[in-house]
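Trainee: Please pick one part of this model and go over it closely. Then tie it to the rest.

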Amino acid sequence: MIKITLAGVNHKTAPVEIRERIAYPKESLSSAVQALARQDSVLECLLLSTCNRVEILTITSNIHPSPDFFTDFLSKTHPALTSVPLRPHLYYKTDSEAVEHLFQVTASLDSMVVGEPQITGQVKESFEICRKENSVGPYLNQIFQRAVSSAKRVRSETAISHLPVSISYAACQLARKIFQDMSNKSVLLLGGGEMAQLTARHMKKMGVRSLTLMTRDPAKGEPLAAEYEATYAPMSRLDDILSEADMVVCSTGAETYLLTVPIMESAMERRGYRPLFLIDIAVPRNIDPEISRLSNTFLYNIDDLRSVVLSNQKEREMETFAAKEIVRQEVAQFEKWRAERSAVPLIQALRQHTEEIRLAELDRFSRTLDTLPDEARKQVLLLTQSLMNKMLHPTYQTLRNSSNIDEAWEWITRCYGLPPEILSRNGSHEDTSPKEREGKSVLDSPLSDLPLPGEQTC
Amino acid sequence: MTISPLELLLLEMASGFYLGAFILYLSEILLSRPPRIPWAPVTAGVGGVLFQSLAIFIRFGFQGHVALLSLREVLSFFSWSLVLTFLYLEHQKKVRILGLFIFGIAFFSTLMVIGISFRAPVLSSGAPIGLLLSIHTLLIDLGLASAALAFMVSVLYLVLDHFLRRKIFNRFFARIPSLETLDQLNNNFSGIGFVFLTAGLFFAMIWSLEKFGRTLPLASQGRLAFIGAILVWLLYAMTVLVRRNRRFRGKQAAYLSISGFLVFAATMLVLAFFSKGSHFIL
C-alpha cells in the first residue's frame, strides 16, 4: 500500500534563524531532490523550499518514513544544521493529512499573509524541478494537479485574494474606488520614502499615465525618478503639479504640513474640482487633516490604510473557512482516486486466482466436456467465465470504493485464500517509482482502461 | 375592459424572474464571495424582460395604440425600460450592484401592475388616441426611467462618498463601482432624461395645439400637469446646465439628480391622483 508522508518546517514552527539556514537555494534544490529520490524507500518525492517553509513530501510503499528520516535528510543536506535540533520545529503528517496540508499550502491558506498569490507559483516551480529530476510519478502528479486545482477554486470561489493586505496595495485598491480608469491619471510622489516607492511600483502596474517625483534634494530624487520612469520636479513647482495630479502620495521627512487647506483650495479650483486622492504615509503627517473636509478630496493617512489592511485581513480569515472546505472536497476526491488506484493490484491478483481455479475445474471435467459438440463446449466455457465475472463484479466494485485497502487486502486474502505467490506476482503494492518504471506501466493507465473481466460482461 | 389572462400570466412570469434576479443580486452582496454562476441573475433578468415585452406587446395590440394612459401602463413600461437599460449597462460597465435596485423596483412595479384593477383609459375630450399623444406618453415614461437611473447612481455615489470619508470598508463598499463611474453614469442619465422630457413636453404642446388650438392647457387639471412638467423640466435643465459649472461635480450633481427624480416622480403621482382622469388614470 502506498504511503504519503509530509514533513517540514515553516514560519509557524521555526524562527527565522532556523528557516534561513534550512532553506535550499535555487541552485542546490535539484541536487537535494536527487539525494532524496535516491533514498531506498522513496518512490516519488517533492521538495518545496521558500523563505517561509521547507517541506518534503514522499511517496513510499507500505511504511511511512519516520520523522527522523526527514531530520536526518535535512541535516545531511545542510551541514551547518548538524548542531541544531530540528525535531522540535518539524511537523509530520501522513496520508490524507499530508495531502490536505499541501493543498492548503498551495492555496495560500498556510501562508504568513493568507491569500498571497506567490506560493502557488512556488509550488509549481518546485514540482517542475522534481519532474525534471524524475522524482515525480503518478501519485505526485495527481497530488500536484489537485493542489493547483484547489488553489484555483479557492481564488475564484472565495474572496480570499480580492482584499489587499499590504499598505501600498491597499492605497492602490482605494484609488480604484475613486477613479474608473487609471490610464489617464497622473500621480505625484512627494518624497521618496520606501512606502512611496512601493506605492509607485503598484501604480505603475496599474498603468497610470504619469508619475512625478518631487523631493527637496534633486541629487536623491532624480535617480529615483529615473528608476521608476517618473518625471522629476522640484518642490517649487508644487502648486502647478497639484492642479494636474489625480493622486498625491506624501512621504517626506518634513516636520510641518506641506499641503494645507488654502493650498488645496486654490489647487482644487485650478483643477476644476476633479476628485483628488491624497495618501499621507509620512510620520509626522505632511497633509493637514482638515483638507478631508473639502469637496471631492479624499485623504488617507497611514493609520487609515492600516485599518483597511486589518479589516481585509479579518475578512480573509473569515474566508479561510470556506476555502478549507474547498480543500477538504479536493482531498476527498484525491482519496477516492487513490483508493481506486490502490485496489488495482488486488483486483488483478483476485482475477488471476479465480481464473486459475476456473481453468483447473474445466481441466478436471475435460473428459466430459470433450464428449460435447464444439458449439456446446464453447457455450460451457463462456458460461463459466460469465458466472465468475458476475459473481466477482460486486467485490471489484467494493474494492475500488474501499477506504482502507490494507484491511480489504487482508479480507480478500482470507476469503478467497489467495496464495502468497500470486500476491507477489501481482505486487503487494503498486510500484510507482519513476526510477524503475520502464515505458508505460499499467498504473499509468486510467483505471477505466484496465481490462477487468467484470466490466466486459456485466 | 379587464386585463387578459395571457397578459396577466406573462406579467406574473416576469415578476417571478425579476424576484429571482433580485434575490441572486442580494445574495452576491450578502455572501461576499464571487458568485459561482455570475450569469445567473442577468439570465433571470433577460427572462423577465422577455415575458414583460410580450405582455406590453399584447397590451398595445389589445388597445390598438401605444399610448400609456393608465398608471399600470406607465409602471409596466417604466420597469421594462429600467430593466432593459440595466441589462445594456451591465453588459457595458459591469455595474452589478445596480441590479439589486433595478430588479427590486421591477419586481414591485410588476406586482403593482398585476394588483391594480384595470380600467379603460379615458380622455376628458373623449377623442381617439393619436400618434402625438402616444409619443408624448412614451417619451415622458422613458424620461422618468432615466431620471430613476440617475437617482439610483446618485444614491450610490453619496453612499460611496460617505464610506470613503468615514473609512467604512464593508461588503457593500466592495461592490460599489468607482465614484468616477457613478458620476459619469449620473451625467449620462440626467442628460438622456432631460432630452426625453423636453421632447415629451414638446410633443404634448403640439398635440394640445392640434387638439385645442393652443399650446397651454386651460382646464385646471391640465394646468396642474403643465406646472408640474415645467417644474421638472426647469430642475432638469438646471442639473444639466449646472454640471457645466465645474464646481457642481460629483456630490452636488448627485443631490441635483436625486431632487430632480423626486420632483418628477411626485409630479407623476400628483397627476395620477388629482387630475381626475384629465391626464392618465389610476
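Mentor: A caution on terms before we begin: UniProt feature names are shortened here, and annotations may be inferred rather than shown by experiment. The model itself is predicted.

The part to look at is helix H5 of chain B, residues 131–166. Start with its chain. Chain B holds nine helices and zero strands. From the N terminus on, its elements read α-α-α-α-α-α-α-α-α. Of its 282 residues, 50% are buried. Among its contacts with a separation of 6 or more, 79% link residues 24 or more positions apart.

Now the record. An unreviewed UniProt entry places "transmembrane region" on chain B at 6–27, 39–62, 74–90, 97–118, 138–164, 185–209, 224–242 and 254–274. Take two of these spans. Residues 138–164 of chain B are 100% helix and 0% strand, with end C-alpha atoms 39 Å apart. Residues 6–27 of chain B are also 100% helix and 0% strand. Their end C-alpha atoms lie 32 Å apart.

Back to H5(B). It has 36 residues. Its first and last C-alpha atoms are 52 Å apart, close to the 52 Å expected at 1.5 Å a residue. Just past the helix, Lys167(B) takes a positive phi of about 55 degrees. How many of the 36 residues of H5(B) are buried? The number is 27, so the helix is largely enclosed by the rest of the structure. An α-helix has 3.6 residues a turn, so residues three or four places apart point the same way.

Next, the packing. The largest nonpolar core has 97 residues. H5(B) gives the largest share of it, 16 residues. The residues with the most contacts inside this core come from both chains: Leu174(A), Met247(A) and Phe277(A), with Leu98(B), Leu164(B) and Phe264(B). Look at Leu98(B). Beyond four places in sequence, Leu98(B) touches Phe86(B), Leu89(B), Leu149(B), Met152(B), Val153(B) and Leu156(B).

A second core is separate from this one and has 62 residues. Among its members are Val54(A), Leu57(A), Ile119(A) and Phe144(A). That takes us to chain A.

Compare H5(B) with helix H4 of chain A, residues 95–106. H4(A) has twelve residues and should span 16 Å at 1.5 Å a residue. Its end C-alpha atoms are 17 Å apart, which agrees. H4(A) is mostly covered, with nine of its twelve residues buried. The buried residues include Asp95(A), His101(A), Gln104(A) and Thr106(A), along with Leu102(A), Phe103(A) and Val105(A). After H4(A) comes Ser108(A), with a positive phi near 65 degrees.

The loop between H4(A) and helix H5 (118–132) of chain A carries Glu116(A). An unreviewed UniProt entry lists Glu116(A) under "binding site", together with Thr50(A), Cys51(A), Asn52(A), Arg53(A), Ser111(A), Pro117(A), Gln118(A) and Gln122(A). Is Glu116(A) buried or exposed? Its relative accessible area is 19%. The cut-off for buried is under 20%, so Glu116(A) counts as buried. Leaving out neighbours up to four places away, Glu116(A) touches Ser108(A), Ser111(A), Arg155(A) and Arg316(A). Ser108(A) is the residue with positive phi after H4(A), and Ser111(A) is in the record's list.

Gln122(A), also in that list, lies in helix H5 of chain A. At 28% relative accessibility, Gln122(A) is partly exposed. Beyond four places in sequence, Gln122(A) is in contact with Leu48(A) and Thr50(A). Thr50(A) is another of the listed positions.

Finish with the strands of chain A. Six of them form an open sheet, ordered E7-E6-E5-E8-E9-E10, with parallel pairing. Which strands stand at the edges? They are E7 (231–234) and E10 (297–301), each with a single partner strand, so one side of each has no neighbour in the sheet. Neighbouring strands are turned by 20 degrees against each other on average, direction ignored. Take one pair. E5(A), residues 186–190, runs parallel to E6(A), residues 210–215, and five bridges join them. Leu188(A) has Thr212(A) as bridge partner in E6(A). Leu189(A) has Leu213(A). Five of the six residues of E6(A) are buried, so this strand, too, is largely enclosed by the rest of the structure.

Definitions and conventions:
Residues numbered from 1 in each chain as written. Chains lettered and ligands numbered in written order. Predicted model: local features only at pLDDT ≥ 70, side-chain atom pairs only at ≥ 80, totals over all residues. Heavy atoms only, no water. Pairing = 2+ DSSP bridges. Helix = DSSP H or I, 4+ residues; strand = E, 2+ residues; numbered from the N terminus. Axes fitted to C-alpha atoms, helices over the stretch in contact; angles between N-to-C directions. Core = buried A, V, L, I, M, F, W, Y, C linked by side-chain atoms within 4.5 Å. Buried < 20%, exposed > 50% of the residue type's maximum accessible area, 1.4 Å probe, protein only. Contact = heavy atoms within 4.5 Å. Expected span 1.5 Å × (residues − 1).
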